[in-house]
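The exercises below concern helix packing and a pocket. Work through each task with the structure at hand before reading its solution.

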Amino acid sequence: MSVHDSAPAGLPLPSDLPPATPPARPGVFSMKNPTPAEQIKSTVDVKPVVDDRLASIERLVGRNQWADVCALLAPEPGSAERLPPALALVYAVALKESSPDVRDADRRAIGAVADLLGITRESPLALVLGKRLTRRRNWAETPAPSKTVSTVVVLGGLAIGTIIGWLVTYWMF
């Protein structure tokens with residue numbers, strides 16, 4: 001019995017596949033050797049968000065000026081409700097970063113995710129994704145401990161390790 005007899009019908013066998021061609025230089029991809037992402041053909045026609053404000057938003061986000069992002073996206077009261085879903089999500093993140101009122105930012109993020117995915121605003125998926133996208137990272141905002149605290153922790157660990165090592169060798173020999 002050969003490999004060809006046991007293979008399911010319609011599936012290519014290793015001997016039928018074209019030979020792999022290594023890239024001309026390792027780590028460099030060319031048209032002859034596309035990256036794995038380029039080999040995947042999109043089945044969905046995705047239309048990117050094209051808005052004149054995106055370049056300005058990128059500069060402001062790069063400078064961590066979230067209040068200015070909010071002002072750019074919603075210059076008048078109530079104008080944030082008319083934003084497309086992608087920009088509404090950017091507005092929700094900016095609102096979360098610049099405002100102490102987190103409930104409004106979470107509500108807007110959940111609505112924007114629901115609109116982007118085409119699901120209801122009460123969906124658990126919209127809730128989880130909306131909250132995760134606007135979650136603040138508290139550990140990044142807290143300062144590192146002082147040198148004194150770090151030194152005490154390291155020396156304490158060394159002392160405990162030394163005592164345990166001494167006790168183990170004392171009782172063993």
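**Exercise 1. The pocket**

Task: Which helix gives the most to the lining of the largest pocket, and how does the lining divide by residue class?

Solution. The model is a predicted one.

Step 1. α6 gives the most to the lining of the largest pocket, namely five residues.

Step 2. Both α5 (85–98) and α6 (102–117) supply at least two residues of this lining.

Step 3. The space in the largest pocket comes to about 190 Å³. It is lined by 13 residues, and those closest to its centre are Ala-80, Glu-81, Ala-88, Asp-115 and Arg-121.

Step 4. By class, the lining has seven nonpolar, one polar and five charged residues.

**Exercise 2. The pair α5 and α6**

Task: How are α5 and α6 oriented to each other, parallel or antiparallel, and which residues make their contact?

Solution.

Step 1. Take the geometry: the axes of α5 and α6 lie 8 Å apart, and the helices pack at an angle of about 160°.

Step 2. Angles over 145 degrees count as roughly antiparallel, so α5 is roughly antiparallel to α6.

Step 3. The crossing of α5 past α6 is left-handed.

Step 4. From α5, the contact is made by Pro-85, Ala-86, Ala-88, Leu-89, Tyr-91, Ala-92, Leu-95 and Lys-96. From α6, the residues include Val-102, Asp-104, Ala-105, Arg-108, Ala-112 and Asp-115.

Step 5. Sorted by class, the contact of α5 with α6 has 13 nonpolar and five charged residues, with no polar ones.

Step 6. Compare with Exercise 1: Ala-88 and Asp-115, both in this contact, are among the residues closest to the centre of the largest pocket.

**Exercise 3. The pair α4 and α5**

Task: What angle do α4 and α5 make, and which residues of α4 take part in the contact?

Solution.

Step 1. α4 and α5 pack at about 140°, with 8 Å between their axes.

Step 2. α4 and α5 are therefore oblique to each other.

Step 3. α4 passes α5 in a left-handed crossing.

Step 4. On the α4 side the contact residues are Trp-66, Ala-67, Val-69, Cys-70 and Leu-73. On the α5 side they include Leu-87, Val-90, Tyr-91 and Glu-97.

Step 5. This contact has 11 nonpolar residues, one polar and one charged.

**Exercise 4. The pair α3 and α4**

Task: At what angle do the axes of α3 and α4 cross, and what is the handedness of the crossing?

Solution.

Step 1. Helix α3 (residues 54–62) and helix α4 (residues 66–73) have axes that come within 8 Å and cross at roughly 160°.

Step 2. That angle makes α3 roughly antiparallel to α4.

Step 3. The crossing is left-handed.

Step 4. Ser-56, Ile-57, Leu-60 and Val-61 of α3 meet Trp-66, Asp-68, Val-69, Leu-72 and Leu-73 of α4.

Step 5. The contact of α3 with α4 divides into seven nonpolar residues, one polar and one charged.

Terms used: Residues are numbered from 1 along each chain as its sequence is written. This is a predicted model: local features need pLDDT of at least 70, side-chain atom pairs count only at pLDDT 80 or more; totals for chains, interfaces and linings use all residues. Side-chain values use heavy atoms; hydrogens and water are left out. Axes are lines fitted to C-alpha atoms, for helices over the stretch in contact, and angles run from 0 to 180 degrees between N-to-C directions. Helices (H or I, at least four residues) and strands (E, at least two) are DSSP runs, numbered from the N terminus. Angles under 35 degrees count as roughly parallel, over 145 as roughly antiparallel, 65 to 115 as roughly perpendicular and the rest as oblique. A crossing is left-handed if the near helix is turned anticlockwise from the far one by less than a right angle, and right-handed if clockwise. Contact means heavy atoms within 4.5 Å. Ala, Val, Leu, Ile, Met, Phe, Trp, Tyr, Cys and Pro count as nonpolar, Asp, Glu, Lys and Arg as charged, and the others, Gly among them, as polar. On a 1 Å grid over the protein atoms alone, a cavity is a set of points where a 1.4 Å probe fits but cannot get out, and a pocket is an open set with protein on both sides within 12 Å along at least five of seven lines; lining residues have an atom within 4 Å of a point. Grid points are joined across faces, edges and corners, and a volume is the space filled by probe spheres set on the points.
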